[in-house]
Amino acid sequence: MTTGAPTPTYPARPRRSRLRTFLPLGVAVWLVLEIWLLTVVAGASSGFVVFLLLLAGFVLGGAVIKKAGRRAFQNLNEALQRGGTPQRGGGNGLLMLGGLLLMIPGLISDAVGLLLLVPPVQKALSRSAERTFDRKLREAAPGSFGDAFQQVRIHRPDGKVVQGEVVRDDEPRGDAPQGPRPPLTR
């Protein structure tokens, strides 16, 4: 028996992105390669050498993160003292990522972390990431997170003005003389 109500149609399930599909596989492959490379190096030299390599990577990564954090904090303080906003990150994010990769145990992550410490690589990656980020924001669908972020980035208001005046409760009312009111501005 039917009631005459239409059967609800559900929208098609959105396609899963390639990143979400292959990221777990990539992480698993990366972990297996890290472990395999550590065992190869330990077999060629000794376990103590591997331990020293991992310890050196951890210490160097900590020093890099500390330096990048100090530089970012110093840039922020200088910008606030000037009364402006901080300029671009200056590669601090990539320096911190390089330091983090150095701190992660493994020789492949150490190599990538050291590569991120090279200034020309930082500049090329930051330009590429900025272009990709801007392209993704331009392609954002209405109502999505990217669209909301794009609307927040707009510097000028949309032109709507709400006229009004401020009425203070702390000012005396009644017989007290009032001076001329300033004009409303846009």
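Phe 22, Leu 25, Val 29, Leu 33, Trp 36 and Val 40 form a nonpolar patch on the surface of the predicted model. Together these six side-chain positions account for about 600 Å² of accessible area. Leu 25, one of the residues of this patch, belongs to helix α1, which covers residues 18–44. Its relative accessible area of 52% places Leu 25 in the exposed class, because that class begins over 50%. In an α-helix there are 3.6 residues a turn, so residues three or four places apart point the same way.

Helix α1 also contains Glu 34. In contrast to the exposed Leu 25, Glu 34 is buried, with a relative accessible area of 4%. When neighbours within four places in sequence are left aside, the contacts of Glu 34 are with Pro 105, Gly 106, Leu 107, Ile 108 and Ser 109. Among these partners is Leu 107, the residue at which helix α4 (107–116) begins.

The chain as a whole has six helices and zero strands, and the order of elements from the N terminus is α-α-α-α-α-α. Of the 186 residues in the chain, 13% are buried. The exposed surface of the chain amounts to about 15800 Å², and 64% of this area is supplied by carbon and sulfur atoms. Where contacts between residues at least 6 apart in sequence are considered, 51% join residues at least 24 apart.

Helix α2 spans residues 47–82. For its 36 residues, a rise of 1.5 Å a residue gives an expected span of 52 Å, and the distance of 53 Å between the end C-alpha atoms agrees with this value. The buried residues of α2 are Val 50, Gly 57, Gly 61, Val 64, Ala 68 and Ala 79. The cover over these buried positions includes α1, α3 and α4. Just after α2, Gly 83 adopts a positive phi of about 90 degrees.

Two further residues of α2 can be placed relative to distant parts of the sequence. Ala 56 lies in this helix and is partly exposed, at 45% relative accessibility. The C-alpha atoms of Ala 56 and Met 103 are 8.8 Å apart in space, while the two residues are 47 apart in sequence. Gly 69 is likewise found in α2 and is partly exposed, with a relative accessible area of 24%. Between the C-alpha atoms of Gly 69 and Leu 95 the separation is 9.1 Å, with the two positions 26 residues apart along the chain as a sequence separation. Both partners fall in helix α3, which comprises residues 92–103.

Helix α3 has 12 residues, and the distance from its first C-alpha to its last is 16 Å, close to the 16 Å expected at 1.5 Å a residue. Its buried residues are Asn 92, Leu 94, Leu 95, Gly 98, Gly 99, Leu 101 and Leu 102. Leu 95, the partner of Gly 69 in the C-alpha pair above, is thus listed among the buried residues of α3. The elements covering the buried residues of α3 include α2, α4 and α5. Helix α3 is in turn among the elements that cover the buried residues of α2.

Helix α5 runs over residues 119–138 and contains Gln 122. Gln 122 counts as buried, at 10% relative accessibility. Its side chain reaches the backbone oxygen of Leu 116 at 2.9 Å. Leu 116 is the residue at which α4 (107–116) ends.

Key
Residues are numbered from 1 along each chain as its sequence is written. This is a predicted model: local features need pLDDT of at least 70, side-chain atom pairs count only at pLDDT 80 or more; totals for chains, interfaces and linings use all residues. Side-chain values use heavy atoms; hydrogens and water are left out. Patches are made of residues with over 30% relative accessible area and no salt bridge: like charges are joined within 9 Å, nonpolar side chains (Val, Leu, Ile, Met, Phe, Trp, Tyr) within 5 Å. Accessible areas come from the Shrake-Rupley method with a 1.4 Å probe; for residues, only the protein chains shown count as cover. A salt bridge is a side-chain nitrogen of Lys or Arg within 4 Å of a carboxyl oxygen of Asp or Glu. Helices (H or I, at least four residues) and strands (E, at least two) are DSSP runs, numbered from the N terminus. Buried means under 20% relative accessible area, exposed over 50%, partly exposed in between (1.4 Å probe, protein chains only). Contact means heavy atoms within 4.5 Å. The expected span of a helix is 1.5 Å times one less than its number of residues. A polar contact is a pair of N or O atoms within 3.5 Å; within protein, one must be able to donate a hydrogen and the other to accept it, and residues adjacent in sequence count only if both atoms are side-chain atoms.
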